[in-house]
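This briefing covers two topics in turn: backbone geometry in loops, and the packing of a pair of helices. Please read it alongside the sequence and the model.

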Amino acid sequence: MKKPFIRRFPASLPVSLFVLFLIATFSLLSTLPQGGEQEARVMRVPTLTTTVWAVFDPQTGEVLRGDNLDTERPIASLTKLFTAYMVLYTDSGAITTTITEGDIETHGDFGKLRYGEKRTLSSLLFPLLIESSNDAGAAISRTLGPLYPYAVQGIADMLGLTHTHIVDATGLSPENVSTPRNLALFFAKVKAHYPHITDITKLKLYVTD
């Protein structure tokens, strides 16, 4: 009997969970009493190294505070949330692909994909979201071909993300851009429509046949 293959990932904080951490931190800060040395010792305001940021309600997407909310910036691996949303929205998860050398040679070593193995796009969401695997993103976009940029941009437009533009599935391209306000709205849509995406980010391993 063929034994299941267990894929383990580093105990690193996924991008989406880091966003949630920031939301929780700033939300807690907003509820603390003003003044008082005791409260100041319990929690200090984090230092931001960017002028483009937002604190938002993850349930509604409402922006609570921030700066330069409509300024477009490259979104790097946050792109992978859009990729996952697109796979689920288009019901592409059952499509099977064979991992190529080109997929594995994509920048970055994460994902533990093996040349020649057959994977469904649904199974590729696990390395994509748990370990931010560029190889998995490349395999998804290669398999879908022209459908990928058409579908993912169509989703952004449908959701009213007027300052969001996606051209590749990994986030390696600096042309993948969005704004704090758009990302706040999108994250709320992810949680409302496909909570499976954020559930995946909480895992540290998964088992494949």
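**Loop backbone and helix packing**

Ala76 lies in the loop that runs between β4 (73-74) and α3 (79-89). The model is a predicted one, and the points below take up this loop residue, a second one at Ser132, and then the contact of α5 with α6.

**Positive phi in loops**

- As background, most residues other than glycine have a negative phi.
- Ala76, although it is not a glycine, has a positive phi of about 50 degrees, and this residue is partly exposed, with a relative accessible area of 42%.
- Ser132 is likewise a residue other than glycine with a positive phi, in this case near 55 degrees, and it is found in the loop between α5 (121-130) and α6 (134-144).
- The relative accessible area of Ser132 is 23%, so this residue counts as partly exposed, given that buried means under 20%.

**Packing of α5 and α6**

- The axes of α5 and α6 come within 8 Å and cross at roughly 150 degrees; because angles over 145 degrees count as roughly antiparallel, α5 is roughly antiparallel to α6.
- The crossing of these two helices, α5 and α6, is left-handed.
- On the α5 side, the contact involves Leu121, Leu124, Leu125, Pro127 and Leu128, which meet Ala136, Gly137, Ala139, Ile140, Thr143 and Leu144 of α6.
- Sorted by class, the residues in the contact of α5 with α6 comprise nine nonpolar and two polar ones, with no charged residues.

Notes
Residues are numbered from 1 along each chain as its sequence is written. This is a predicted model: local features need pLDDT of at least 70, side-chain atom pairs count only at pLDDT 80 or more; totals for chains, interfaces and linings use all residues. Side-chain values use heavy atoms; hydrogens and water are left out. Helices (H or I, at least four residues) and strands (E, at least two) are DSSP runs, numbered from the N terminus. Buried means under 20% relative accessible area, exposed over 50%, partly exposed in between (1.4 Å probe, protein chains only). Axes are lines fitted to C-alpha atoms, for helices over the stretch in contact, and angles run from 0 to 180 degrees between N-to-C directions. Angles under 35 degrees count as roughly parallel, over 145 as roughly antiparallel, 65 to 115 as roughly perpendicular and the rest as oblique. A crossing is left-handed if the near helix is turned anticlockwise from the far one by less than a right angle, and right-handed if clockwise. Contact means heavy atoms within 4.5 Å. Ala, Val, Leu, Ile, Met, Phe, Trp, Tyr, Cys and Pro count as nonpolar, Asp, Glu, Lys and Arg as charged, and the others, Gly among them, as polar.
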